[in-house]
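Subject: Structure handover

Hello,

The structure you asked about is below, and my notes on it follow. Please read them with the model open.

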Amino acid sequence: MSTEAFKATPALLLVLALVIFLLVGLFGSLRRQTGSSYYGIGVRSIGRIGIGAAIASNWMSAASFLGIAGIFYLKGYFAFAYVVGWTGGYVLLLILMAGQIRRFGKYTAPEFVGARYDSPLARLIAAVVAILISLIYCIAQYKGIGLVFSWIFGLDYTHSLLLGTLVVISYLVLSGILGAARNQRFQYAVLILSFLIPLMLIARKLGYNWLLPQFSYGEALQDLAATPARMETAPWAHGTPYQWLALCITLMVGTAGLPHVLSRFYTVPNVRDARWSVVWGLCFIGLLYWSAPAYATFAHLWEARNGTPPLPPDMADLVVIKAGEWAGVPIWAVGIIAVGAISAAFSTVSGLLITGAGAFSYDIYCRFLNPQATEQERMQIAKGATLVLAALVLLVAAQPLGLIAEVTAVAFALAGNTLFPVFLLGIWWDRANKQGAIAGMLTGIVITFGAMLLPTGSLLGTLFPATSSAFLGAPLVILVMIATSLATPQPPEEIRRFLAEEVHSP
């Protein structure tokens, strides 16, 4: 990766944004200290739209802000699998699980699994899965942080990664986990404005409709197709229909099984708010996904008109920034894009590290290693686990990786192969028992990581791509769960009664 020169204006904007994030987070913490419970007033007061904005902020990571445009830049229409899969996953959540998860009344994915299947072992496996998902997802975010810090500060990728990690940890320590919900709403506003305003300026520079640049996407694509160096516009130029469908379904079921997405529904005031918050969250997320293809198309169009060489594949994730630079928009506007990307990555990393550390502290340490731990000890373990997870992510992210969206897809494959089937059957089939859940999650882990070892071009490697293994993996896990549950004793009667009377009540 090439290094850039230091850019003072984007650096100042970044510092200013982080200071404002800290102040907003600390203000939210102070309000909670004068309020009531952790999950009480702080969540109820923000309303459905506010919860939807928090969902969108929690969701829209470096993969959304940088990765979607990057994958469109390299793979054209094939990238629509990411947009359809990720947004379709929220529709799946809305229809199948959001309301029922809220009725069940547990606060983390491992806690739900432990209570529903009445099994400490199932809860332990779910906690390990949640930690693994958080680690993989964070690796992709760290790559985005490293790339953007490299662009701003003119450092090489490794030093940028170290600097970005220090800033992430400092941000977490100073703002604290209690300010997350209110901070996420503010971060969403910063994020979406920093994505849309520069896009409008780029569209204006290139001579397209700048008020609604998303509608210029088709016109720009037609202009690009008329140039000698046009982007490949055939639907399957970068993958087969099977690969597209497998990726799309994997991202869909993975979204519906992602721990930091599911955890949002445990804390909403009621079932109607849970469902409406999904609708609002989907609208906010869709606004960004609607705009991302335009960045890739404008970048290709600039290259074609000016004979600019294309970005190397390892730099494609920076195309939203490069599109602004190439179009000649003011440096402050390009800096806004960079600040938005950092905001997106920070928001997601914060949620993921807290989810992973909480799974270790609450579901592993307090349950298995030290059941007599006090609340203070639990918090200290959680903070220590956050630092350890951040260090592990840093070590892996320093290695050469694929595109941000591709790395993120592996986390979705793991979620789709493990937590999604366990939640789906746990909610909708009262015969599913702990033996079935344990067998299913172990099978899902084997499928996810086994797919990464399969030779490219082999039959199994074709059927189970590393980033798309849940297309066949999730149905296989469901079959394993059903067969194992039917071959073993049925779950306790009180759990079946609770599902019928509480979870599925009108």
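Three helices each supply at least two residues to the lining of the second largest pocket: α4 (62-75), α12 (241-255) and α21 (459-463). Keep in mind that this is a predicted model. The volume of the second largest pocket is about 460 Å³. Its lining has 22 residues, and those nearest the pocket centre are Gln243, Pro465, Ala466, Thr467 and Ser468. Sorted by class, the lining of the second largest pocket holds 11 nonpolar, 9 polar and 2 charged residues.

Next, helix α8. It covers residues 120-153, 34 in number. From first C-alpha to last, α8 reaches 48 Å, close to the 50 Å expected at 1.5 Å a residue. Of the 34 residues in α8, 28 are buried, so the helix is mostly covered. After α8 comes Gly154, which has a positive phi, near 70 degrees.

α8 also matters for the count in the core. The largest nonpolar core has 161 residues, and Trp59 and Tyr142 touch the most other members. α8 gives this core its largest share, 21 residues.

On the other side of α8 in sequence, Asp118 sits in the loop between α7 (109-117) and α8. What is the phi of Asp118? It is near 50 degrees, a positive value in a residue other than glycine. Most residues other than glycine have a negative phi. Is Asp118 buried, partly exposed or exposed? Asp118 counts as partly exposed because its relative accessibility is 44%, between the cut-offs of 20% and 50%.

Ile101 belongs to helix α6 (residues 98-104). With a relative accessible area of 1%, Ile101 is under the 20% cut-off and therefore buried. Ile101 and Phe112 are 11 residues apart in sequence, and their C-alpha atoms are 8.5 Å apart in space.

Last, the cysteines. How many disulfides are there, if a disulfide is a pair of cysteine sulfur atoms within 2.5 Å? The count by that rule is 0. Two cysteines have accessibility values to note. Cys283 has a relative accessible area of 47%, so it is partly exposed, as that lies under the 50% cut-off and over 20%. Cys366 has a relative accessible area of 15% and is buried, because this is under 20%.

Regards

Methods:
Residues numbered from 1 in each chain as written. Predicted model: local features only at pLDDT ≥ 70, side-chain atom pairs only at ≥ 80, totals over all residues. Heavy atoms only, no water. Disulfide = S-S within 2.5 Å. Buried < 20%, exposed > 50% of the residue type's maximum accessible area, 1.4 Å probe, protein only. 1 Å grid on protein atoms, 1.4 Å probe; cavity = no way out; pocket = protein on both sides within 12 Å on 5 of 7 lines; lining within 4 Å. Points joined across faces, edges and corners; volume = space filled by probe spheres on them. Helix = DSSP H or I, 4+ residues; strand = E, 2+ residues; numbered from the N terminus. Nonpolar A, V, L, I, M, F, W, Y, C, P; charged D, E, K, R; others polar. Expected span 1.5 Å × (residues − 1). Core = buried A, V, L, I, M, F, W, Y, C linked by side-chain atoms within 4.5 Å.
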